[in-house]
Amino acid sequence: DALDQSEVLPLLSRSLQLQVASATCREHLEGVELLRGVSSLLRDSIGILLRELSFAPHQQLYFEAHVATDVFFLVSGTVEEFIADGKNTDPKIEEVLRAPASVGGLAFYFGVRHYCSARAGRGGAVGF
């Protein structure tokens, strides 16, 4: 049985939590535009809160016009941000995001609705 980081971190002191987050998350967060200019300590503190997620191909991350409740940091794969036209046609892809990237970050930060929907790309995606 593999241990999940979210189960282990609460058992550790704050300094050990920061060290584990630094070792497991820092490299994935360093190139994220949303976090440019933040200190290593803040980046590691964010790393403590992260949980690894895997998305199947075309799995929805969030929907257009829904209030943002999460931000995702893409580690591998791609995420497509798109606007559905209300018909049963292929949606209009606005942007294809590749690691390192944040997905839904600005809407989450400001607590507003997403202007578009997002789904994992054809090969799926892994992120935090």
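A residue is called buried when its relative accessible area is under 20%, exposed when that area is over 50%, and partly exposed in between, with a 1.4 Å probe and protein chains only. The model is predicted, so local features need pLDDT of at least 70 and side-chain atom pairs count only at pLDDT 80 or more, whereas totals for chains, interfaces and linings use all residues. Residues are numbered from 1 along each chain as its sequence is written, and side-chain values use heavy atoms, with hydrogens and water left out.

Select Arg 14 to begin, which lies in helix α2; helices (H or I, at least four residues) and strands (E, at least two) are DSSP runs numbered from the N terminus. Because its relative accessible area is 46%, Arg 14 counts as partly exposed. Leaving aside neighbours within four places in sequence, Arg 14 is in contact (heavy atoms within 4.5 Å) with Ser 45 and Ile 48.

Those two residues lead to helix α3, residues 40-49, where Arg 43, Asp 44, Ser 45, Gly 47 and Ile 48 are buried. Among the elements that cover them are α1 (5-8) and α2 (14-29).

Next, select the largest nonpolar core, whose 12 residues include Phe 55, Tyr 62, Leu 74, Val 79, Ala 120 and Ala 125; such a core is a set of buried Ala, Val, Leu, Ile, Met, Phe, Trp, Tyr and Cys residues joined through side-chain atoms within 4.5 Å. At least two residues of this core come from each of β2 (60-62), β3 (72-83), β5 (101-103) and β6 (117-127). A second, separate core has eight residues, including Cys 25, Leu 29, Leu 35 and Phe 128.
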